[in-house]
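Good morning, everyone, and thank you for making room for me on the schedule. Please take a moment to look at the sequence and the model before I walk you through them.

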Amino acid sequence: MNRKTDLEGRAEIETLVDVFYERVRDDELLGFIFNDIAQTDWESHLPKMYAFWETVLFRSNSYRGNPLAAHEKLVSKTPMGREQFDRWLELFRGTVDDLFVGEHAEHIKSCADDMANVIYSRINQVPDPRFDPANLTPEQRERYTRYKSDPGE
Ligand code: HEM
């Protein structure tokens, strides 16, 4: 029987990334963003993503890049909304679960959730929920109103 194991290192990261992007390329909502809009060069994108996830999971420090800028560039060219990010996460989580099980598998899914939320909010200029007026305490609200009405102080 072929039992699933955890993501132990670079080899499993490569498998995860390869299978995930095979699915992304074939996806009707996301595929064209890579294939047509960004015209992704897979021979350089895949190794970049191995390094990215290896750095996130195992602190290999092998990734150099700017994920925010890469996605910001896409916003004016194609929808990059909640629907796209939710599909991305569904494919990512599904791929992890199909191939691996364990602590690292759980961790990589929650890192992906967090990063998807950060990238989504930053590129769409959705306010950080921590600073949403609805979530402020009365003291914070009072303080922020004062800053706004009296910027010179
Ligand atoms: C709607 C969801 C997303 C779409 C459509 C998308 C699409 C893209 C595209 C087109 C690129 C550029 C590839 C190229 O060089 O041609 C890219 C790069 C990248 N993406 Fe995403 N992405 C999404 C979500 C995410 C999320 C949630 C993460 C992280 C968990 C992520 C991590 C990265 C990284 C690390 C790069 C490489 C940036 C660099 O250093 O150049 N992406 N993405």
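Let me begin with helix 1, where I13, L16, V17, F20, Y21 and V24 are buried, and by buried I mean under 20% relative accessible area, while exposed means over 50% and partly exposed lies in between, with a 1.4 Å probe and the protein chains only. These residues cover an arc of only 120° around the axis, which puts them on the same side of helix 1; the arc is taken from the directions that run from the helix axis to the C-beta atoms. On the face turned away from that buried side, helix 1 carries the exposed residues A11, E22 and D26.

I should say at once that this is a predicted model, in which local features need pLDDT of at least 70 and side-chain atom pairs count only at pLDDT 80 or more, whereas totals for chains, interfaces and linings use all residues. Residues are numbered from 1 along each chain as its sequence is written, and side-chain values use heavy atoms, with hydrogens and water left out.

How many helices and strands does the protein have? There are 7 helices and 0 strands, where helices (H or I, at least four residues) and strands (E, at least two) are DSSP runs numbered from the N terminus. Of the 153 residues in the protein, 33% are buried.

We can also check the length of helix 1, which covers residues 10-26: at 1.5 Å a residue its 17 residues should span 24 Å, and the end C-alpha atoms are 25 Å apart, which agrees. The expected span here is 1.5 Å times one less than the number of residues.

Now to the ligand: which residue is the single protein donor to its iron atom? That donor is H71, through NE2, at 2.0 Å, and H71 belongs to helix 4, residues 67-75. Donors are N, O and S atoms within 2.8 Å of the metal (3.2 Å for Na, K and Ca), and because water is not among the atoms, sites may look incomplete.

H71 appears again when we turn to the largest pocket, which holds about 850 Å³ of space. Of the 32 residues that line this pocket, F34, H45, A70, H71 and L74 are the closest to its centre. A pocket, on a 1 Å grid over the protein atoms alone, is an open set of points where a 1.4 Å probe fits, with protein on both sides within 12 Å along at least five of seven lines, and lining residues have an atom within 4 Å of a point. The volume is the space filled by probe spheres set on the points, and grid points are joined across faces, edges and corners. Helix 3 gives the most to the lining, with 6 residues. By class, the lining has 20 nonpolar, 7 polar and 5 charged residues, where Ala, Val, Leu, Ile, Met, Phe, Trp, Tyr, Cys and Pro count as nonpolar, Asp, Glu, Lys and Arg as charged, and the others, Gly among them, as polar.

Finally, let us visit a few individual residues. L57 sits in helix 3 and is buried, with a relative accessible area of 9%; L57 and H104 are 47 residues apart in sequence, yet 7.4 Å apart in space, C-alpha to C-alpha. R59, in the loop between helix 3 and helix 4, has a positive phi near 50° and is exposed, with a relative accessible area of 75%.
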